[in-house]
Amino acid sequence: MRTITFILLFTLSAVGAGAQTTIYVNADQGRHTINKNIYGHFAEHLGRCIYGGFYVGENNTTIPHVNGVRKDVIDALKELKVPVLRWPGGCFADTYHWKDGIGPKKDRPTIVNQWWGGVTEDNSFGTHDFLNLCEMIGAEPYLAGNVGSGEVKELADWVQYVNHDGVSPMSKLRKENGREKPWNVKYWGVGNEMWGCGGHMTPEYYANIYKQYATFVTDWSNTSGLFRIASGANVADYHWTEVLMREVPKHLVEGLALHSYSFVEWNDKGDAVDFNEQQYFATMQTALRMEELVTRHSTIMDKYDPEKKIALAVDEWGGWYNVEKGANPGFLYQQNTMRDAMIAGTSLNIFNNHADRVRMANIAQTVNVLQAVILTKEEKMILTPTYHVMKMYNVHQDATLLPTEIFDEVKYSHNGKSLPAISCSASRNAAGKIHVSLVNIDANKSNSVTLKLRGTKAGKVNGTILKSGKLQDYNGFDGPEAVKPTVFKDFELKGENLQVTLPPFSVVVLSVE
Ligand code: AHR
């Protein structure tokens, strides 16, 4: 009888443990700052990202704009607190010659956008337009230099053009084009995807080229120093990271990039809206793989740079599906659903939790391309579920990462496979307020989480949630507010335990005072 009772109790406690995730939030610890640049963006001359998305031209009379840049987009990005914006590519960057995009617009040459739809690029949006846009939204610019089809002098001249305050050929040209003071651009990419569209190079070959280019990216500003980012690995190409870290001396590099997208299958990406649970599960498998990628690339970086001076910059990430029916196939225009909210919430938690090494990440892309935060259609603009997640999470920007430990983690299972259902990160801001961001990726089940708030006396808790009836829900031009954050109340504070119930496929941010 005693044996049966024991077995019964053991079984019950095991079942209970499996259904309830416990997360310790170490509120009195924390060594690393969550660099606000983890909440960065990427805008390429691709499809309708720049033209129609950001920029509608100075002569547009139907859409309100400031010097040709949409006012609604400026306001939305200010509100989002975009810290850094990467431009002009992507693959486009290694075809871009910056001098084509300065001076009187009527005199600018046209080029063909070879990577993205073969459309004519009239260069009407150039360096001044981009840097002034960054000033308007309060973001640091991150300029991606052309290494693939450019020259060392061309990049060196660009740096001098935007950053030199004294007398020099390029500062003279800048002043002739109407800008007296330099912009002091800190972030410089030295090529993009050099293993692919940037020139199909080996890492050994690129390491040499990188050193040559980086030497002439001169710090004219004498302010906080330049931040040069080397083109990094494609997903799990650890050899690339190994070679770059081994070959490039530390005084020549401040950041190493990594690109990784989430998708169903690379050769069969499926529809952005019309997807089934199997496709959702597969997408989340690739999204959650970011944890392994960041960990393994960081481990290699630790070997050569134990002091973690060089940042890992995940300067392209996001969901990638088939282009919307009827759109130009080269334009990568896709809708954005609650699936994308799951990608955003889990990816940002991963980046936060690796704040010691990941000090920049740039979602691809800001407007009208891939996992966009904003979609536009002529004079209309909508904010996507991804926008809302990024806004809810911006409380983590420059806050101190609080270490979290997850126990008895509940799984999200589908067709015999399983993934961790709960994702979490936590931080404490300068005012002492704690924020915890939680995601339940389970497509069907609510999940309970006990947050054990160690080392703080919690008094007041507030919450915001992004949830919806169906994973496929999105904000359309006819229903722009179908998915939006609301107040979250499904929690109870008992001493140091904060008991939270997360609905299926939901993102929650709690503030604890
Ligand atoms: O973001 C779209 C493209 O994806 C970028 O141009 C390229 O860098 C990557 O392959």
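This report describes the fold of one protein, from its overall dimensions down to single residues.

**Overall form**

The model is predicted. The protein has 513 residues, and a compact globule of that length would have a radius of gyration near 24 Å; the value for the protein is 24 Å, which agrees. Taken along the principal axes, the box filled by the C-alpha atoms is roughly 90 × 50 × 45 Å. The secondary structure consists of 10 helices and 27 strands.

Of the 513 residues, 58% count as buried. The exposed surface of the protein comes to about 20600 Å², and carbon and sulfur atoms supply 52% of that area. Among contacts between residues at least 6 apart in sequence, 76% join residues at least 24 apart. The protein carries 51 positive and 56 negative charges, and the mean positions of the two sets are 5 Å apart.

**Strand 11 and its neighbour**

Strand 11 covers residues 255–262, and 8 of its 8 residues are buried, so the strand is largely enclosed by the rest of the structure. Both of its faces are covered. On one side the buried residues are Gly255, Ala257, His259 and Tyr261, and on the other they are Leu256, Leu258, Ser260 and Ser262. Strand 10, residues 227–234, pairs with strand 11 in the parallel sense over 4 bridges. In this region Ala233 has Leu258 of strand 11 as its bridge partner.

**Helix 3**

Helix 3 spans residues 127–137. Buried residues make up 8 of its 11, so the helix is largely enclosed by the rest of the structure. The buried residues are Thr127, His128, Asp129, Phe130, Leu131, Leu133, Cys134 and Ile137. They pack against several elements, among them helix 2 (71–80), strand 8 (140–145), helix 4 (152–163) and helix 5 (169–176). Strand 4 (69–70) and strand 5 (84–87) are also among these packing partners. Just after the helix, Gly138 takes a positive phi of about 75°.

**An open antiparallel sheet**

An open sheet is formed by 6 strands in the order 16-20-21-27-23-24, with antiparallel pairing. Strand 16 (400–402) and strand 24 (486–487) stand at the edges with a single partner strand each, so one side of each is left without a neighbour in the sheet. Strand 16 pairs with strand 20, residues 422–428, in the antiparallel sense over 3 bridges. Within this part of the sheet, Thr400 stands opposite Arg428 in strand 20.

**Residues in loops**

Met194 sits in the loop between strand 9 (187–190) and helix 6 (203–215). Met194 has a relative accessible area of 0% and is buried. Leaving aside residues up to four places away in sequence, Met194 touches Asp94, Val147, Gly148, Gly199, His200, Met201, Tyr206, Ser231 and Trp240. Met284 is 90 residues from Met194 along the chain, and the C-alpha atoms of the two are separated by 27 Å.

His354 lies in the loop between helix 9 (338–353) and strand 13 (358–364). With a relative accessible area of 13%, His354 is buried, since buried means under 20%. Not counting residues up to four places away in sequence, His354 touches Glu291, Val294 and Thr295.

**Backbone features**

The loop between strand 5 and strand 6 (111–112) holds Pro88. Gly90 is placed in the loop between strand 5 and strand 6 as well. The cis peptide bonds that involve these residues are listed in the table.

| Residues joined by a cis peptide bond | Omega |
|---|---|
| Trp87 and Pro88 | about 5° |
| Gly89 and Gly90 | about 20° |

Leu332 has a positive phi of about 50° although it is not a glycine. Leu332 is found in the loop between strand 12 (311–319) and helix 9, and at a relative accessible area of 10% it is buried. Asp398, also a residue other than glycine, has a positive phi near 60°. Asp398 belongs to the loop between helix 10 (385–393) and strand 16. Is Asp398 buried, partly exposed or exposed? Its relative accessibility is 44%, and Asp398 counts as partly exposed.

Key: Residues numbered from 1 in each chain as written. Predicted model: local features only at pLDDT ≥ 70, side-chain atom pairs only at ≥ 80, totals over all residues. Heavy atoms only, no water. Helix = DSSP H or I, 4+ residues; strand = E, 2+ residues; numbered from the N terminus. Rg over C-alpha atoms; globule rule 2.2 N^0.38 Å. Buried < 20%, exposed > 50% of the residue type's maximum accessible area, 1.4 Å probe, protein only. Contact = heavy atoms within 4.5 Å. Areas by Shrake-Rupley, 256 points an atom, 1.4 Å probe, with all protein chains shown as cover. Lys, Arg positive; Asp, Glu negative; His and termini not counted. Charge placed at Lys NZ, Arg CZ, Asp CG, Glu CD. Pairing = 2+ DSSP bridges.
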